[in-house]
Each structure stands twice: as structure tokens, then as C-alpha cells.
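I set out to record how the helices pack, what surrounds the ligand and how one pair of strands is joined. The entries follow the order in which I looked.

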Amino acid sequence: MGVPHQEILTAAAMRSLGARMGKVATPGDVVGLVGPLGIGKTTFVQGVAVGLGVPRTSYVNSPTFPLIQEYRGGRLVLFHADLYRIHSMDDLESTGFRDILSGGGLVVIEWLDQLAHAAPPDTLTVTIEPMPKQSHGHGTGTARRIRVKATGQRSKELARRWRKQQQPS
Ligand SMILES: Nc1ncnc2c1ncn2[C@@H]1O[C@H](COP(=O)(O)OP(=O)(O)O)[C@@H](O)[C@H]1O
Ligand SMILES: [Mg+2]
């Protein structure tokens, strides 16, 4: 459920999509971002920070986990993890990753598909894919397609609020 096959044509639109998630997220929500290098996962997270109201100056590395960035000063703390270079659960567990899942903030994890067991059972997974060029008229190669999967009550509710936030009022 969620926002199936939504088309995102520009980086600005991707940031806006993220910002809308930042506006509706609640403490403890976990979002996974899946998609190839350069597809727009970090761009989405930048939008989430904006939506949470994080000041631009508060992007800091976590003291406990260099692969996690904490964005403070917004409505919720945003924990941004990137599992690109993490290849085993042992690597993950030794770094304190579990702590951010119970940190009362919003957790956004890039490359969550790389370590499927890292995800808590109730996670909203956002998959970003390139749009096949023939299916749209732009021909610029910048269009993305978004798929959303919720695996529990919490993530379903996040998806619902996020979708509502995207409808013009
Ligand atoms: N529709 C789009 N959505 C997201 N990013 C886009 C889009 N079109 C172009 N871009 C550009 O693609 C790049 C995505 O980089 P990034 O967000 O770091 O990707 P990732 O974190 O998935 O590796 C940025 O330079 C961004 O400006
Ligand atoms: Mg990235």
C-alpha cells in the first residue's frame, strides 16, 4: 500500500517528497530507502530534514556510529544511516545501530536491502527506480519511479499520512 508507482521527475520533486514525509513522521518510525547508486536516496533524506525543520547547520556525524548522521534541531531527531559498506549483521551490531532504532526519532536507512535482517519488522520501504525513458516524454534520464511497501501497522499509518500530505488541499 502507499503511493504506488509515483513518478518523480526532478531532484527538487524528490526533496519535496522527502519533506512531506518529514512533516508527518512520528517518533520511532523507520524508513528504508532502496535503489541504485545516484538514484536519489540521499536527496530524499535532505528533503526529510527540511520537512522536520532541521536547521542546515545541524548535520553532524553520530558520536557512536560513523555511518549514521544525526540531524538535530527539528521536530524530531533524524537518524540517517547508510549501509552501503556494511556487509554483515556482525559489522552492524558492533556499531551501535540498534540504539538509533529506539532513539525516539525518525530513522531513515539507505541500502536497507543490502542487510534485510537489519530492518525492524514494521518498516516502510521506499524503492526508487529509474523511469524507463520510453514511458515519458522528457528524455533527460532524471525521472524516477517510487514504490512503497509497509510491513506493519506503524508503517502503514506513516504511508497513509504521507500520501494524504501529498494530496492538494
Ligand atoms: N528525479 C530525481 N530524483 C532524485 N535525484 C535526482 C533526480 N533527477 C536528478 N537527480 C540527481 O541525482 C543525484 C542523486 O544523488 P543521491 O541522492 O546522492 O543518490 P543516492 O543517495 O541514491 O546514491 C543528485 O545529484 C540529484 O540532483
Ligand atoms: Mg546516498
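The entries below cover helix packing, the ligand shell and a hairpin, all in a predicted model.

**Entry 1: α1 and α2.** I began with the pair α1 and α2, whose axes lie 6 Å apart at an angle of about 45°. I looked up the class for that angle: roughly parallel requires an angle under 35 degrees and roughly perpendicular begins at 65, so the pair falls among the rest. I therefore entered α1 as oblique to α2. The crossing of these two helices is right-handed. I then listed the residues in contact: α1 contributes, among others, Ala11, Met14, Leu17, Gly18 and Met21, while α2 contributes residues including Thr43, Phe44, Gly47, Val48 and Gly51. Sorted by class, this contact holds 11 nonpolar, 7 polar and 3 charged residues.

**Entry 2: α1 and α5.** I next took helix α1, residues 11-24, against helix α5, residues 153-166. The angle here is about 120°, and the axes are 9 Å apart. I noted α1 and α5 as oblique to each other, because the roughly perpendicular range ends at 115 degrees and roughly antiparallel needs over 145. Their crossing is right-handed. From α1, the contact draws on Arg20, Met21, Lys23 and Val24. From α5, I recorded Leu158, Arg161, Trp162, Gln165 and Gln166. The class count is 4 nonpolar, 2 polar and 3 charged.

**Entry 3: the shell of ligand 1.** Which residues come nearest to ligand 1? I found Ala11, Gly40, Lys41, Thr42 and Thr142 in that position, out of 16 residues around the ligand. I then asked which helices supply at least two residues of the shell. Those I noted are α1 and α2, the latter spanning 41-52. The most is given by α2, with 3 residues. By class, the shell has 7 nonpolar, 7 polar and 2 charged residues. I also marked that Ala11 appears here among the nearest residues and in the contact of α1 with α2.

**Entry 4: the β4-β5 hairpin.** I turned last to strand β4, residues 68-71, and strand β5, residues 78-82, which pair over 4 bridges. Is the pairing parallel or antiparallel? I entered it as antiparallel. Across the pair, tyrosine 71 has leucine 78 of β5 as its bridge partner. The two strands form a hairpin with 6 residues between them. In the turn, I noted glycine 73 with a positive phi of about 100°.

Technical notes. Residues are numbered from 1 along each chain as its sequence is written. Chains are lettered from A and ligands numbered from 1 in the order in which they are written. This is a predicted model: local features need pLDDT of at least 70, side-chain atom pairs count only at pLDDT 80 or more; totals for chains, interfaces and linings use all residues. Axes are lines fitted to C-alpha atoms, for helices over the stretch in contact, and angles run from 0 to 180 degrees between N-to-C directions. A crossing is left-handed if the near helix is turned anticlockwise from the far one by less than a right angle, and right-handed if clockwise. Two residues are in contact if their C-beta atoms, placed from the backbone, lie within 7 Å. Ala, Val, Leu, Ile, Met, Phe, Trp, Tyr, Cys and Pro count as nonpolar, Asp, Glu, Lys and Arg as charged, and the others, Gly among them, as polar. A residue is near a molecule or strand if its C-beta atom, placed from the backbone, lies within 6 Å of it. Two strands pair if DSSP finds at least two bridges between them.
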